[in-house]
Amino acid sequence: MSDDDQMSRHDHRPAPRRAASPEDEETSAEQRTAGSTAPSDPLPHRAGSANTPASSPHRRSATGEVDDQLTSIPRAPRRGRPSRAADDPDPAPSHKTMLIGTIIALVVVTIVGVAVYAINSIQPAGPSSTPTATSTWKMELPVQIGAYTRDPNATNAPSTEAGTTTTSATYATKGQDAVVVLMSRPQTDLRAFMDDAGMNSVSEQQLSDKSGSAQCGIDPDHNDTGCVVLQENTAVLVLALLNQSRQDLADLAQQVARQTAGQ
């Protein structure tokens, strides 16, 4: 490196700091004194204002006193704040809610029970399927029943099949076959008897003397109407051959049953 370059590098070095003279120190002291005695801003700046530096002694003093005053004031509890139970997404049901639900359930059950009882009570009772007594009289059809008679020489002996005994005969009136009478024992349910006989359109028919009722239907093979009554445990069926009414057939079946039973 040449001597000129070395001299140039020495020239660029920073100059040493000069010690402050007594005059400079006095000048600085006067400036500081003048700055401390300068009048303050007649309008105090608000805390956080952009015009007041963060390190201003005035701000620190003002905010410090205000903070001390605020912390010394007792604060009232907040009202209307929701409780912890309100924040619970699935609160437990109260005893009052459970009691109301139980009462509603009991009321519904009571109403349903009353309605079922009322419906059952207004339905007409069906014919009794239990006989009042066991028939002990002979299954022998009379020769004459009112205006109807049968040939005494054309009698059919009762026959038994599968534990059921039956007998039948044809009755005429005014020289013309009018009805077929059939008896069957033992029987306890007239509706079941009509179903076994294959009768259609079966319905209940009240007797004229209001002593009971008969079951009437139509024979699908010959389109004949028939009505049956129960005498003790014996069924008495009358089939029409002359288009008699159901009322006439029911009353005639009752008359045959009572006369055969000796009543």
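User: What makes I100, I104, V108, V112 and V116 a nonpolar patch on the surface?

Analyst: Patches are made of residues with over 30% relative accessible area and no salt bridge; nonpolar side chains (Val, Leu, Ile, Met, Phe, Trp, Tyr) are joined within 5 Å, like charges within 9 Å. I100, I104, V108, V112 and V116 form such a patch, with about 420 Å² of accessible area together. The areas come from the Shrake-Rupley method with a 1.4 Å probe, and for residues only the protein chains shown count as cover. The model is predicted: local features need pLDDT of at least 70 and side-chain atom pairs count only at pLDDT 80 or more, whereas totals for chains, interfaces and linings use all residues. Residues are numbered from 1 along each chain as its sequence is written, and side-chain values use heavy atoms, with hydrogens and water left out.

User: Why is V108 called partly exposed?

Analyst: The relative accessible area of V108 is 47%. Buried means under 20%, exposed means over 50%, and partly exposed lies in between (1.4 Å probe, protein chains only). The value of 47% therefore places V108 in the partly exposed class. V108 belongs to helix α5 (residues 95-122); helices (H or I, at least four residues) and strands (E, at least two) are DSSP runs, numbered from the N terminus.

User: How do you know that D209 and R258 meet in a salt bridge?

Analyst: A salt bridge requires a side-chain nitrogen of Lys or Arg within 4 Å of a carboxyl oxygen of Asp or Glu. For D209 and R258 the N to O distance is 3.5 Å, so the criterion is met. The pair links distant parts of the chain, 49 residues apart: D209 is in the loop between β6 and β7, and R258 is in helix α7 (residues 246-260). A search of the whole structure finds 1 salt bridge. In general, side chains of opposite charge can pair when their charged atoms come close.

User: Are D209 and R258 buried, partly exposed or exposed?

Analyst: D209 has 39% relative accessibility and counts as partly exposed. R258, at 33%, is partly exposed as well.

User: What makes R185 a charge over the face of W137?

Analyst: A charge sits over a ring if NZ of Lys or CZ of Arg is within 6 Å of the ring centre and within 35 degrees of the ring normal. R185 lies over the face of W137 at 4.6 Å from the ring centre, so the distance falls inside the limit. The peptide bond from R185 to P186 is cis, with omega near 0°, and P186 lies in the loop between β5 and α6 (190-196).

User: How do you know that β4 and strand β5 pair?

Analyst: Two strands pair if DSSP finds at least two bridges between them. β4 and strand β5 (residues 176-185) have 9 bridges in the antiparallel sense, so the condition is met. Among the facing residues, S168 stands opposite L182, and T173 stands opposite Q176.

User: Which strand also pairs with β5, and over how many bridges?

Analyst: β9 pairs with β5 in the antiparallel sense over 6 bridges. The bridge partner of L182 in β9 is L237. T234 lies in strand β9 (residues 234-240).

User: Why is T234 called buried or exposed?

Analyst: T234 has 0% relative accessibility and therefore counts as buried. The C-alpha atoms of T234 and M139 are separated by 8.9 Å, and the two residues are 95 residues apart along the chain.

User: What joins strand β6 to strand β7?

Analyst: Strand β6 (residues 200-206) and strand β7 (residues 213-219) run antiparallel and are joined by 5 bridges. Q205 stands opposite A214 in β7. These strands form a hairpin with 6 residues between them.

User: What is the phi of K210, and what is that of K174?

Analyst: K210 has a positive phi of about 60° although it is not a glycine. Phi of K174, likewise a residue other than glycine, is near 60°. K210 is found in the loop between β6 and β7, and K174 lies in the loop between β4 and β5. K210 counts as exposed at 68% relative accessibility, and K174 counts as exposed at 86%.
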